[in-house]
Amino acid sequence: MHDCETTSIVNLTQEQIDHHNEVYAEAWKLIAGEINLDGQGVQSPGWLTRRRLNRAKALFEKAIAINPAGWNAMFAIGKIEQRLGRKKEALDWLLKAREFEPTNTGLAKEASLTSSQLGMQDMAARIADEAIDLNPTDPALRVNSGLAHILAGHSKIAAERFSEASRLEPASEINKRLQVY
């Protein structure tokens, strides 16, 4: 999700685009292997890691100052905040990124999970359900929605989501177990 986002940069000079790309790339280098992407686990950050993460955040903020629609940089700040244990701030950045890229179901998954971790189950379910409307064939979205709905006390909807996930991905043992649950 961290390719350079020059496609969303409009009406900027080449110098501004080059500066944006430079700070954006430098920020990603600083956080490489330090944030949780695609389920990879990371340990609690030490002081040096915290320093790098905060430096990267400042660089991403510079990139956003150049390109206010830079959802990739917003996503990255959300992941940095998440890594630093600031879940509310992480959610705020993920939701802001979704404003600029509402069809990105990966952002929806991240925002839904973070909402759920904050105890905002109805919001988590709503975000996951919106993403299902955009990508109805993604079984992971159905599982995320089902889990959020079960935590929100909507057991009937959760059962429907788990059933749909099993139908979409019949070989998944986890989906079968969730459906039975």
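When I speak of helices in this chain, I mean DSSP runs of H or I that are at least four residues long, numbered from the N terminus. With that in mind, and remembering throughout that what we have here is a predicted model, the pattern of the protein chain, followed along the sequence, reads α-α-α-α-α-α-α-α-α. In other words, the chain has nine helices and zero strands.

Let me begin with the chain as a whole. Its C-alpha atoms fill a box of roughly 55 × 40 × 30 Å, taken along the principal axes, and of its 181 residues 44% count as buried. The accessible surface of the protein chain comes to about 9600 Å², and carbon and sulfur atoms account for 52% of that. If we take the contacts between residues at least 6 apart in sequence, 54% of them join residues that are at least 24 apart. As for charge, the chain carries 22 positive and 24 negative charges, and the mean positions of these two groups are 6 Å apart.

I would now like to turn to the aromatic rings. How many aromatic pairs does the structure hold? There are three aromatic pairs in the structure, and I will describe two that share a residue, Tyr-24. The rings of Tyr-24 and Trp-28 have centres 6.5 Å apart and planes at 70°, so this pair is edge-to-face. Both residues belong to helix α1, which covers residues 14-31, and they sit four residues apart, about one turn of the helix. Tyr-24 and Trp-28 are both buried.

Tyr-24 also pairs with Phe-60: here the ring centres are 5.8 Å apart and the planes stand at 75°, so this pair, too, is edge-to-face. This second pair links distant parts of the chain, since Tyr-24 lies in helix α1 while Phe-60 lies in helix α2, residues 47-66, with their positions 36 residues apart in sequence. Phe-60 is buried, as Tyr-24 is. Taken together, ring pairs link Tyr-24, Trp-28 and Phe-60 into a cluster.

Finally, let us look at a single residue, Ser-115, which is found in helix α5, spanning residues 105-117. Is Ser-115 buried or exposed? Its relative accessibility is 0%, and because buried means under 20%, Ser-115 counts as buried. Leaving aside neighbours within four places in sequence, Ser-115 is in contact with Leu-91, Met-120, Met-123, Ala-124 and Ile-127. For a sense of distance, Ser-115 and Ala-90 are 25 residues apart in sequence, and their C-alpha atoms are 9.5 Å apart in space.

Definitions and conventions. Residues numbered from 1 in each chain as written. Predicted model: local features only at pLDDT ≥ 70, side-chain atom pairs only at ≥ 80, totals over all residues. Heavy atoms only, no water. Helix = DSSP H or I, 4+ residues; strand = E, 2+ residues; numbered from the N terminus. Buried < 20%, exposed > 50% of the residue type's maximum accessible area, 1.4 Å probe, protein only. Contact = heavy atoms within 4.5 Å. Areas by Shrake-Rupley, 256 points an atom, 1.4 Å probe, with all protein chains shown as cover. Lys, Arg positive; Asp, Glu negative; His and termini not counted. Charge placed at Lys NZ, Arg CZ, Asp CG, Glu CD. Phe/Tyr/Trp six-rings, centres within 6.5 Å; stacked < 30°, edge-to-face > 60°.
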